[in-house]
Every structure is written in C-alpha cells, then in structure tokens.
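This report examines selected features of a protein model. The sequence and structure are shown first, and the discussion then proceeds by region.

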Amino acid sequence: MTRTRVLLLVTVGLGLAIALPFLAAAGWRAAYKAGKAGAFSGRGTVVMVVLDNVRADHTSLCGYARPTTPNLEALAREGVHTCRAYAPGTWTLPSHASYFTGVPMLDHGAHELPVVDAELASASYARGTGIPIRGLDDKLPTIAEQMASRGYQTAIVSANPVVGKESGLARGFRHGVVSPSFGALMDERVVGAVADTLRDDLDPLGGPLFLFVNLAEAHQPWAAVPEGVGWVPARDTLKFHSSSANNPWYHFPPPEEPSAERDAFLGHLTDVYDYGIWRADRSLGAVLDLLRARGWCGSDCRVVVTSDHGELLGEHGLIDHGFYPWEGNARVPLVATGTREAAIEEPFPGTLVHALALDGTTAGARPGVSQAAFGQAHRARASGGRFYAERMTAAWAGTVKWVWQGALLAKYDLAVDPAETHPLPADDAPPAFTSLRERTRDFSAGQGGDDALREQLEAAGYLEPAPP
Ligand SMILES: [Zn+2]
C-alpha cells in the first residue's frame with residue numbers, strides 16, 4: 001500500500017468517525033419527529049403537574065363518591081399520596097410561587113396587591129385577568145432555573161394565564177406555551193400543546209426533561225356537562241368572574257337564608273365543578289400517556305401532581321376561591337411517584353412540593369403548615385361588606401386547625417369537625433401562630449380605602465369598576 005493510499009484511508013476513516021455520530025443523531029432526531037423513535041434523553045425526567053382549583057375532598061382519590069379522578073388514583077398506586085396537603089396560598093399566584101421556589105408566601109410576597117398600595121403604580125397585571133399583582137421576586141431562583149443548571153431541558157404548558165411571564169412564574173422555562181386567557185387551553189388543546197412542545201421544542205438526544213403542566217379544566221369558566229356522562233346530570237355552562245357585576249357571588253344567598261333557589265344554584269355549581277375535575281384528570285392521564293409513548297417517562301420518571309387551591313361550594317356562606325383558608329379552599333391532593341419518600345407526612349405543607357420535585361425528597365427542615373389571605377376593600381364594598389373584608393390566617397398541626405379572622409380567633413378539631421362549624425377556644429394557640437397573625441397583618445398593612453386613587457386607576461382602565 002502506498003503512503004498516499006494509507007493517508008487517504010486514514011483521512012476517510014477519520015472523516016467517517018466524526019460524521020457518523022452526527023448522521024446517526026440526525027437520523028434519530030428525524031425518526032423522533034416522525035414519531036418512530038423515543039427520546040434517548042427520557043431517563044431522569046421530572047414532571048410537575050398542578051390540577052388547578054381541585055379540592056381534595058372532591059377527588060375519588062380521596063374518597064369522593066363520584067368517580068372524578070381515575071387517573072390520579074392509578075398514579076397513586078405507583079407512588080405515595082396524601083389527601084391532606086395544604087396549598088401554600090389561597091389562589092394561583094402565591095401557591096405556584098411557593099411550588100416553584102420552596103419559599104412560603106409571606107416570604108416570597110407574590111400576591112394580589114391590595115387596591116391601595118405604594119407599589120400599585122409599578123404593579124404588573126396578571127395575564128388575562130386584570131388583577132394587579134406583585135410578581136415573584138426576580139432574586140428568588142425558580143425550579144425551572146435550578147433544573148436548567150442541572151442540565152435539564154425545561155418546558156411549561158400552562159392553561160392558567162397567571163402562570164406566565166408577567167407574574168414571573170414562567171422564568172427559567174426555555175420552551176412551551178402559556179394560555180392567553182382562562183378556558184383557551186383545555187382538554188385536547190392542552191394535551192395537543194404538550195405534544196407540540198415534545199415534538200417541536202425538545203432535543204431527543206439532549207438533556208433530561210423538566211416539564212411543568214397546569215391543567216385548568218376544574219377552574220371557572222366551567223363547561224356544560226353533556227348528556228350521557230352517567231354519574232352527573234347534563235348541565236348548562238356556569239360562568240362567573242369575581243370582577244363582574246353579574247357574578248352570582250355578589251347575589252349568593254347567605255346560609256342563614258336557606259332556600260330552594262340557593263340549593264339549586266349550589267347543586268348546579270357542584271355538578272359543573274365535579275365534571276371539570278374529571279376533565280382535568282382525563283387531561284392528566286393523556287399527558288402522562290403521551291410522555292410515556294414519546295420515551296420521556298420511563299420507570300425512573302418522577303411525577304408530582306397536586307393542586308394550587310380548592311374551591312368553596314357554599315361552605316361558610318362562600319363560593320369562589322382566593323380569600324379564605326377554609327378547608328374547601330385550602331386542602332388539596334398530592335401524588336408523587338419516583339421519589340425517595342416512603343410516605344407523605346400529614347398535614348403536608350405545600351411549600352415542600354418544590355423539594356419533592358427538585359430532589360425527590362422532603363428530608364430536612366419542615367416548615368409549618370399555614371395559609372394567609374387578605375381583605376380587599378373594593379370587593380368588600382361590592383358585596384355590601386359581607387365578604388373580603390378581613391385578613392385571615394390559618395395554621396394546622398395534626399388534626400387541629402387554628403383560625404384568625406378579625407374578631408374570630410378559634411380552634412377546630414378537624415377529626416370530629418371537618419366542616420369547621422364548631423369553634424373551640426384557641427387559648428392554646430402556639431406562639432408561631434401569633435407571629436403568623438402579626439406577619440399577615442404587616443403584609444397587608446396599607447390596604448384600605450383610598451377611593452381617589454382607585455377612581456383614577458379605574459378611569460385609566462387599569463381596574464375594572466367595582467360592581468354596584
Ligand atoms: Zn389556581
């Protein structure tokens with residue numbers, strides 16, 4: 001063999017050695033796009049799912065008589081679960097901020113702003129809602145950023161517009177989509193959005209995947225219940241929004257005025273809500289099936305599913321969510337697979353969802369279980385002073401719950417009084433609860449009635465006028 005031929009062979013060999021992996025990679029990527037190959041990067045995938053607005057006691061996972069959550073039950077059989085997780089906040093923004101950072105609400109401060117606040121002028125507004133908010137502090141690292149620094153590909157698919165860029169909650173996610181409004185990304189659309197993200201945005205040969213999904217089928221606006229579901233009668237759609245004068249909330253008869261009309265409204269509300277939970281659970285099942293089929297979720301896949309708050313369905317004379325840490329609003333389900341936890345301690349503080357997803361364990365310091373909510377002067381005025389007037393703080397230990405709401409300072413034993421209808425003396429409240437009350441008061445200091453500023457903002461179109 002001449003020296004030239006040897007040189008030629010060596011050159012060709014070297015060229016192939018360099019090019020073949022690239023060709024193989026290109027072939028794999030093309031096959032993945034065509035649905036003919038799974039993701040090579042699927043090992044180590046972490047999936048966090050928030051079933052928005054799902055209260056624990058309306059899931060069949062937690063013993064509800066209607067079969068609302070078969071997919072959540074199937075997932076729970078593969079891992080650990082609790083029906084006594086308490087969301088870190090009373091609505092979407094504070095709860096997701098804690099889920100993404102592991103920081104309690106009173107520390108991260110992401111919340112709806114009171115109507116009057118020194119920061120209002122520089123406030124951002126939650127996408128698709130018109131709610132003035134203080135977004136997530138940009139100095140707090142998010143789980144998406146933490147996962148990215150560990151080499152993960154990060155993606156978000158959120159049906160709830162609040163979990164977006166404006167609130168700071170989408171920080172750190174490289175791929176995905178956030179719905180522009182409530183109701184736009186539901187059912188097959190949200191599953192399709194996950195499919196598109198997996199196919200178009202992710203590299204099947206890149207790092208492992210961290211995927212966050214918010215499913216909002218159980219959140220208002222609720223869809224009509226069609227004929228033939230079986231366990232729930234057909235129902236018309238039921239829409240309301242807290243800022244609308246047509247909100248039935250403002251006309252909702254108090255519990256001391258029982259009536260057939262009140263019962264009929266609550267029955268309708270409960271039916272469309274339960275059907276919404278079933279739809280959210282159906283989307284959860286479809287998303288998990290998709291991840292498995294595309295090779296992203298194998299036996300070592302870590303999946304953490306919970307909710308960000310529940311929904312009041314007439315308890316304490318209330319409907320809606322976001323302002324009262326009563327059980328219907330506060331208690332959510334939690335299911336986790338692929339973690340190092342053998343069981344979930346109860347009551348479970350929602351702030352630990354972050355650690356459970358990030359590291360697969362909640363070992364270490366255990367934060368207290370608590371929730372706080374704040375009065376809103378304009379909402380209180382709109383409801384004739386019946387609602388939204390008071391700050392409220394709750395804390396849980398074992399089956400005992402302490403509640404502070406203005407003049408009310410009470411203890412409830414949830415083991416014998418799950419409906420919280422028999423307040424007990426709260427003389428033995430722990431010092432931590434007292435300090436929580438003080439922090440809640442300080443956090444919301446300044447809320448009140450600067451009507452001139454409010455009218456200015458309304459005129460400028462920043463705030464919707466308070467309903468009459
Ligand atoms: Zn929410």
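The sections below treat the core, two helices, a pair of hairpins, and several backbone features in turn.

## The nonpolar core and helix α6

The model is predicted, and local features are reported only where pLDDT is at least 70. Its largest nonpolar core has 115 residues. The residues with the most contacts inside this core are V47, V49, L51, V190, L215, L284 and V305. Helix α7 gives the most to the core, with 11 residues. For V305, leaving out residues up to four places away in sequence, the partners are V49, L51, L72, L75, L284 and V335.

Helix α6 spans residues 187–201. This helix has 15 residues and reaches 21 Å from its first C-alpha to its last, close to the 21 Å expected at 1.5 Å a residue. V190, V191, A193, V194 and L198 are the buried residues of α6. Seen down the helix axis, these buried residues fall within an arc of 150°, so they line one face of α6. An α-helix has 3.6 residues a turn, so residues three or four places apart point the same way. The exposed residues E188 and D200 are carried on the face of α6 turned away from the buried side. The cover over the buried residues of α6 includes β6 (153–158), β7 (175–178), β8 and α7.

V190 links these two descriptions: V190 is one of the buried residues of α6, and V190 is also among the residues with the most contacts inside the largest nonpolar core.

## Helix α11 and the strands it packs against

Helix α11 (residues 431–443) has 13 residues. From its first C-alpha to its last, α11 reaches 18 Å, close to the 18 Å expected at 1.5 Å a residue. Its buried residues are F433, L436 and T440. These residues cover an arc of only 55° around the axis, which puts them on the same side of α11. P431, S435, E438 and D442 are exposed, and they sit on the face of α11 turned away from its buried side.

Which strands do the buried residues of α11 pack against? They pack against β14 (369–373), β15 (392–397) and β16 (400–405).

Two of these strands, β15 and β16, run antiparallel and are joined by 5 bridges. Across this pair, W396 stands opposite K401 in β16. The hairpin of β15 and β16 has 2 residues between the strands, and G398 takes a positive phi near 60° there. Strand β16 also pairs with β17 in the antiparallel sense, over 6 bridges. In that pairing, W402 stands opposite K411 in β17. The hairpin of β16 and β17 has 2 residues between the strands, and here G406 takes a positive phi near 60°.

The chain between β17 (408–413) and α11 forms a loop that holds P423. P423 counts as partly exposed because 13 other C-beta atoms lie within 10 Å, and the exposed class ends at 12 or fewer. P423 and Y412 are 11 residues apart in sequence and 5.5 Å apart in space, C-alpha to C-alpha. Apart from neighbours within four places in sequence, P423 is in contact with A410 and Y412.

## Backbone features

The following table lists cis peptide bonds and positive phi values in residues other than glycine.

| Site | Feature | Value |
|---|---|---|
| Q220 to P221 | cis peptide bond | omega about 5° |
| E346 to P347 | cis peptide bond | omega near -5° |
| D187 | positive phi | phi near 50° |
| D320 | positive phi | phi near 80° |

Both proline sites fall in loops. P221 lies in the loop between β8 (209–215) and α7 (260–293), and P347 lies in the loop between β12 (331–337) and β13 (348–349).

The two aspartates are placed in regular elements: D187 is in helix α6, and D320 is in strand β11 (residues 319–320). Are D187 and D320 buried or partly exposed? D187 counts as partly exposed because it has 16 C-beta neighbours inside 10 Å. D320 counts as buried because it has 21 such neighbours inside 10 Å, and the buried class begins at 20.

Notes. Residues numbered from 1 in each chain as written. Predicted model: local features only at pLDDT ≥ 70, side-chain atom pairs only at ≥ 80, totals over all residues. Helix = DSSP H or I, 4+ residues; strand = E, 2+ residues; numbered from the N terminus. Expected span 1.5 Å × (residues − 1). Arc of directions from axis to C-beta. Contact = placed C-beta atoms within 7 Å. Core = buried A, V, L, I, M, F, W, Y, C linked by C-beta atoms within 7 Å. Pairing = 2+ DSSP bridges.
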